[in-house]
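Open the model in a viewer and keep the selection tool at hand. The stops below say what to select next and what is found there.

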Amino acid sequence: MDDIAPPAHLPGRPGISRRRFMAGLACAASAALGTTGLVLPAGRAAAATRLPIPEMLVPTRRNGVWVFPLRAAFGTHELLPGVRSSSAGFNGSYLGPTLRVRNGQKVRFEVTNDLDEDLAVHWHGAHVPPEADGGVHSAFAPGETWSPEFTVKQEAATLWYHPHTMDRTARQISWGLAGLLIVDDASAGSAALPGAYGTDDVPVILQSVAVGDDGGIRYDADGFADRDVSFPFVVNGAPLDGAPLDFTATRGRVRLRLLNACLAEELVVTRTDGRPLVQVATESALLPGPLSTGAVRLPAGCRAEVVVDVDRSVTLRAAVRTRVGRRRDGSHDFLRLLPARGAPRPRALPSRLNTIRRFDTSRLRPRRIALTENGGLLGIDGVSGTTMEAMDRATITVRKDVLELWEVVNRSPRDHSFHIHDVPFQLVSVGGRKPRGAELGWRDTVAVPQGSSIRIAVRFTDFASEKYTYMLHCHMAQHEDLGMMTSLKVKAR
C-alpha cells in the first residue's frame, strides 16, 4: 500500500562538477549493515574520514534585498563504493549549500529548474507568505526560475529546504535535493551558543538511502524490496565506510544542527558512552534552557540542535527505525568528535535560552483532523490529495491571529509524521499524556503513531490570502505522494 508509480529513468549528467565542501569530500563507501545492507569487501579495513561540511552560500545584495541563487540540476554521486549514482542537487551534484538568513532581513531565493520535470521547492519551517511557501501549488517548469521574496519574521531556528512537487516529492528528495536553511537572531540565547559555521556550528544532514547494485536510487516500497538494494547511511552527502566520520572541536564545544532528511525513517540519536546529550533547540526555536536527554528522537523531516563539550573523544550513534517499505533498521556510529590540543575550556551554558509562553487552550473546542486510509488511498479527512482539485475540495480554512486547538487522529494502519506549513505549534497532548522534555518546545513536525492522536495549539499570524494556500501533510515523503496532504488557507479576520 506504500507503493507509488514506478520511477521514470533518472538521466545521468556526467561531467557536471561535484559539490564543493569546506572540509573535504568523503564519498568512498557505505556502512556495513549486516544481511540487509552493504557489507565491506573482504580484507578491507574501515577508515575514518573527515566530516564534510556543505559550503555556505554567500548572497549578493541588490536594492536592499539579499539574493540567494539556487540551481537544481542533475549530476552523479557515489553512494556505493566504486558505483556512480545518477543524482541531483542544488548548485552541485548532491544536496545543496547552507543558506543563512537573519530575523528582519529581506531576502529573495532565485531558484532555477534545470531538471527535465516540474519542481516545487519548500522552505520547511519558514514563516513566509503563502505565495512564497513553495508547496505543490508553486511548481515551475524546466528552464524557469522561481523567485520568492520576503522579510524574515521568526526567531533563530534550524530549517531546511527540499522539493515539494506533486507526486514526485519522494523521488526528488531521494536524488539529493535538500539543504539547510539557518535563521539567526539577536537574542541572548543565540549569542550564548556556538555560531561559527563549520568551526563550532556544524550542520549534520542524516539520510538512510536505498541504492541498487547498479547505482540506481530507490524511493518507494517496490524499490526498497529489490533483492539487490543496499541501505547506506549518509552524513552530509558522505556514505559511512564502517567507521564514523571525524570532526575536531578546535573551540572545545560544538553545536550540531541535526536534520533527519530521510524519506520516512525515524532516527534516534545517542552517545555511545551512555552519557546524556544536551539539546538546546527543537526544529522551530531554542528551548527554554539546555535539556539533558538520553536520546534525541527525530521523525522524518525533524531537526534538533545539540551542544557537546569535547574534552575527550565523543561518538554519536543513530538508530534507524523503518516506517515505510522493507525493514532496514540498523544502528550507525556516524560522527566522532575529537578534542583539539590547546582548545579553550568552554564556559557553562546559561540556564535560560528562550522564553516560551504556553497557549491557554482550556476553553477551546478541538478541530479534529484525521489521517486516513481507504482501500490503499491515503488522505486527510478521507480525501486523497493526489490532485490540485482534490486538495482544493478538502481545504482547511483558519482565521489569522485566532488560536486553534487541533486534534490530529491517526486512523490508518501505519505511522505518520505530521507537518504544518508556515507557523510552529505547541503540543498540548501526546497519545493522551501531557508533553514533556523537548516536546514542550516549538515544533513543526511530529510523529503520530498508528492508533494514536496528538493535540496541538496553533495560531497563524502575519499572513492571510484569499488566493494562495499553505499545506499540511504527512512528512513521510511517500505518504504525501500517495495523497496524505491537503491545502490550508489562512483568511483575514
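Select cysteine 474 first. In this predicted model, cysteine 474 has a relative accessibility of 1%, under the 20% limit, and therefore counts as buried. Go on to cysteine 302, which is also buried, at 1% relative accessibility. No sulfur bridge needs to be drawn anywhere, as the structure holds zero disulfides.

**The nonpolar core**

Now colour the largest nonpolar core, a group of 35 residues. The members that touch the most others are Val204, Phe233, Val235, Leu256, Phe334 and Leu335. Strand E23, residues 314–321, is the top contributor to this core, with four residues. In soluble globular proteins, nonpolar side chains tend to be buried together.

Keep valine 235 selected and show what surrounds it. Beyond its neighbours within four places in sequence, valine 235 contacts Leu51, Pro52, Val204, Ile205, Leu206, Leu240, Leu245 and Phe334.

**The seven-stranded sheet**

Valine 235 also leads into a sheet, since its strand is E14, residues 233–235. E14 pairs with E15 in the antiparallel sense, over two bridges, and the residue opposite valine 235 in E15 is alanine 238. Widen the selection to the whole sheet: seven strands in the order E15-E14-E11-E17-E22-E19-E20, open and with mixed pairing. At its edges are E15 (238–239) and E20 (286–293); each has a single partner strand, so one side of each lacks a neighbour in the sheet.

**Two loop residues: threonine 199 and tyrosine 94**

Strand E11 (201–208) is preceded by a loop that begins after helix H2 (188–191), and threonine 199 lies in that loop. Threonine 199 has 27% relative accessibility and counts as partly exposed. Apart from residues up to four places away in sequence, threonine 199 touches Phe247, Thr250 and Arg251. Draw a distance from its C-alpha to that of alanine 249: the two atoms are separated by 7.4 Å, although the residues are 50 apart along the chain.

Next select tyrosine 94, in the loop between E3 and strand E4 (99–102). Is tyrosine 94 buried or exposed? It is buried, with a relative accessible area of 2%. Its side chain makes a polar contact of 3.2 Å with the side chain of glutamine 207. For a link across the sequence, take the C-alpha atoms of tyrosine 94 and asparagine 236: they are 9.5 Å apart in space, and the residues are 142 apart in sequence.

**The E2–E3 hairpin**

Step back from tyrosine 94 to strand E3, residues 83–90, where six of the eight residues are buried. E3 runs antiparallel to strand E2, residues 65–80, and eight bridges join the two. Threonine 76 can be used to check the register, as it stands opposite serine 86 in E3. The two strands form a hairpin with two residues between them. In the turn, glycine 82 has a positive phi of about 75 degrees.

**Aromatic rings**

Display the side chains of Phe, Tyr and Trp. How many aromatic pairs does the structure hold? There are 12. One of them joins tryptophan 123 and tryptophan 146: their ring centres are 6.2 Å apart and the planes meet at 10 degrees, so the pair is stacked. Tryptophan 123 sits in strand E6 (residues 121–124) and tryptophan 146 in strand E7 (residues 145–146), 23 residues apart, and the pair thus links distant parts of the chain. Both tryptophans are buried. Extend the selection to the cluster linked by ring pairs, which consists of Phe68, Phe90, Phe109, Trp123, Phe140, Trp146, Phe150 and Tyr161.

**Threonine 165**

Move to the loop between strand E9 (157–163) and helix H1 (169–175), where threonine 165 is found. Threonine 165 is buried, with a relative accessible area of 4%. A polar atom of its side chain lies 3.0 Å from the backbone nitrogen of alanine 120. The threonine 165 side chain also makes a polar contact, at 2.7 Å, with the side chain of glutamine 172. With residues up to four places away in sequence left out, threonine 165 touches Asp118, Leu119, Ala120, Val136, Gln172 and Asp481.

**Last stop: strand E30**

Finish at strand E30, residues 426–430. Four of its five residues are buried, so E30 is largely enclosed by the rest of the structure. E30 pairs with strand E32, residues 453–458, in the antiparallel sense over four bridges. Glutamine 426 has alanine 457 as its bridge partner in E32.

Technical notes
Residues are numbered from 1 along each chain as its sequence is written. This is a predicted model: local features need pLDDT of at least 70, side-chain atom pairs count only at pLDDT 80 or more; totals for chains, interfaces and linings use all residues. Side-chain values use heavy atoms; hydrogens and water are left out. A nonpolar core is a set of buried Ala, Val, Leu, Ile, Met, Phe, Trp, Tyr and Cys residues joined through side-chain atoms within 4.5 Å. Buried means under 20% relative accessible area, exposed over 50%, partly exposed in between (1.4 Å probe, protein chains only). Contact means heavy atoms within 4.5 Å. Two strands pair if DSSP finds at least two bridges between them. Rings of Phe, Tyr and Trp (its six-membered ring) pair if their centres lie within 6.5 Å; planes under 30 degrees apart count as stacked, over 60 as edge-to-face and the rest as tilted. A disulfide is a pair of cysteine sulfur atoms within 2.5 Å. A polar contact is a pair of N or O atoms within 3.5 Å; within protein, one must be able to donate a hydrogen and the other to accept it, and residues adjacent in sequence count only if both atoms are side-chain atoms.
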